[in-house]
Amino acid sequence: MTEKQVLLAVLFSSATAVLAAWLPPPRWQPRLIAAVGAALLLLLSPLSACLLGVGAGLSYLLHRRTGNSRAALVAAVVVIAATLISFMLAAAPAAKGIGGHVVLPFGLAFYALRLIHYQFEGYKGNLRGHSFDEYLGYLFMPSLLSTGPIHRFDEYLRDLRRKRWDPALFSAGCARVLYGLVKIVVLGNYLLAEVLPAQFEALAGAGIGHFYSDALQFWLKLYILFSGYSDVAVGFAALAGFRVRENFDQPFIARNISDFWQRWHRSLSSWCRDYVFTPVLSLTRSQGAAVVSSMVVLGLWHELSLRYVLWGAYHGAGIVIFRAFDARYGASLDALTGVTAALWRTLATALTLHFVLFSFYVTTAVQHWLTGG
Amino acid sequence: MYTLLCAHLPRPLVHALYAVWYAALLLLVYYFFDRQPAGFYYMHR
């Protein structure tokens, strides 16, 4: 299937899930939402449908039978992570465009995180009583299957049970889907892919300008496309009566790297905070180790490679350094007023933006230095 | 934006403006939809 056909299939199934969320009697709604999501997965990747089906059944059984057993949690997390890692390793050559034909099963990277979230919350005793149908509706919701945001089960269950027709939410959902499509189709796939590269080239020239141009184009395209897909997902969820976590909040105006990660792919960074940072912190009692390990996991989730280990460590180190700086100078900088405060804010935003823009250049250079490449 | 517009313009006019805006966006999406997406493997996996 081409990417356009995939997008069309996701849009069609998401729209069908909206009907499934409102037309049938309430107890049928999660079942039908799950059926639409399962049909989408069967169409795009039958292997993925089987994986998610088996994962859903096993995780639900494990939660029901073992409750808050630590051994069961560890076993579940190991099995889910090992499944994701083995598929990522098999799909790595195709993803890098260097041969191989295995691709990552559609949506696996996202639903693996949802399955781990469910196991952790079950272990902590935070899951309200629910049926298997409700759980399936959560895992298989079509608009959230492929690109996130990584929705939380308790929020989904709250919305499912309190669902009332809300014209304001419905109209906001319509607008959101439309804005998302404009970002993907017009801004991302036309302006940034076809029109602007030539303008950027002409403006950039050679040398440092070329680096700037490449980094800016990469991050802009990533932001526009990813936030567009998130808008469509959040919009369709709103049409179905679900308020889903936001993924982005103007990330390029962040004033420090910690702030950046609270604005960029927020559902993933909050997942890492809850299920990597907090456990590592409770084990090691070291903020630095917890931050770096959660950023390394965040990096490895994107790609299993040395480059992404370094990229995660780079961002983790950035956050640790910022926190040390903030502990020492934060209070005096916050006390600044007038022009000095405005200048400091501008400088801090520019520094953060550059730290992010050049993250791949820096980590690729370190990787080459380490491997002698 | 909606509240701001309603404070200065009659509500039916605001609704008409919104309808035109959304229709224009829909047309844009329809016009450009045939282009092949930029191949972002990262986006749906």
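**Entry 1: H5(A) and H12(A)**

I began with handedness and recorded that the crossing of H5(A) and H12(A) is left-handed. The model I am reading is a predicted one. H5(A) covers residues 108–123 and H12(A) covers residues 266–284 of chain A. I noted an angle of about 45° between these two helices, with their axes 11 Å apart. H5(A) and H12(A) are therefore entered as oblique to each other. I then listed the residues in contact. H5(A) contributes Leu113(A), Ile116(A), His117(A), Phe120(A) and Glu121(A). From H12(A) come Leu268(A), Trp271(A), Tyr275(A) and Pro279(A). Sorted by class, the contact of H5(A) with H12(A) has seven nonpolar residues, one polar and one charged.

**Entry 2: H3(A) and H6(A)**

I next looked up helix H3 (residues 46–66) and helix H6 (residues 132–140), both of chain A. They pack at an angle of about 140°, and their axes are 11 Å apart. That angle makes H3(A) oblique to H6(A). I recorded the crossing of H3(A) and H6(A) as right-handed. On the H3(A) side, the contact is made by Leu52(A), Gly53(A), Ala56(A), Gly57(A), Ser59(A) and Tyr60(A). On the H6(A) side, I found Phe132(A), Tyr135(A), Leu136(A), Leu139(A) and Phe140(A). The class count for the contact of H3(A) with H6(A) is eight nonpolar, three polar and no charged residues.

**Entry 3: H13(A) and H14(A)**

I turned to H13(A), residues 287–302, and H14(A), residues 306–334. Their packing angle is about 150°, with the axes 7 Å apart. The crossing of H13(A) and H14(A) is right-handed. For H13(A) I listed Gln287(A), Gly288(A), Val291(A), Val292(A), Met295(A), Val296(A), Leu298(A), Gly299(A), Leu300(A) and His302(A). These meet residues of H14(A), among them Tyr308(A), Trp311(A), Gly312(A), His315(A), Gly316(A), Ile319(A) and Arg323(A). By class, I entered 13 nonpolar, seven polar and one charged for the contact of H13(A) with H14(A).

**Entry 4: Gln367(A)**

I looked up Gln367(A) and placed it in helix H16 (residues 359–371) of chain A. Leaving out residues up to four places away in sequence, Gln367(A) touches Leu306(A), Arg307(A) and Leu310(A). Of these, I checked Leu306(A), which is 61 residues from Gln367(A) along the chain. The C-alpha atoms of Gln367(A) and Leu306(A) are separated by 7.1 Å. Leu306(A) belongs to H14(A), which runs over residues 306–334.

**Entry 5: Chain B against chain A**

My last query concerned the interface of the two chains. I found 20 residues of chain B in contact with 37 residues of chain A. The size of an interface is often given as the accessible area lost when the parts come together. For chain B and chain A, I entered about 2800 Å² buried between them. Carbon and sulfur atoms account for 71% of that area. I also searched for salt bridges across the interface of chain B and chain A, and the rule finds zero.

Notes:
Residues numbered from 1 in each chain as written. Chains lettered and ligands numbered in written order. Predicted model: local features only at pLDDT ≥ 70, side-chain atom pairs only at ≥ 80, totals over all residues. Heavy atoms only, no water. Axes fitted to C-alpha atoms, helices over the stretch in contact; angles between N-to-C directions. Helix = DSSP H or I, 4+ residues; strand = E, 2+ residues; numbered from the N terminus. Parallel < 35°, antiparallel > 145°, perpendicular 65-115°, else oblique. Left-handed = near helix turned anticlockwise from the far one by under 90°. Contact = heavy atoms within 4.5 Å. Nonpolar A, V, L, I, M, F, W, Y, C, P; charged D, E, K, R; others polar. Buried area = accessible area lost by both parts, 1.4 Å probe. Salt bridge = Lys/Arg side-chain N within 4 Å of Asp/Glu carboxyl O.
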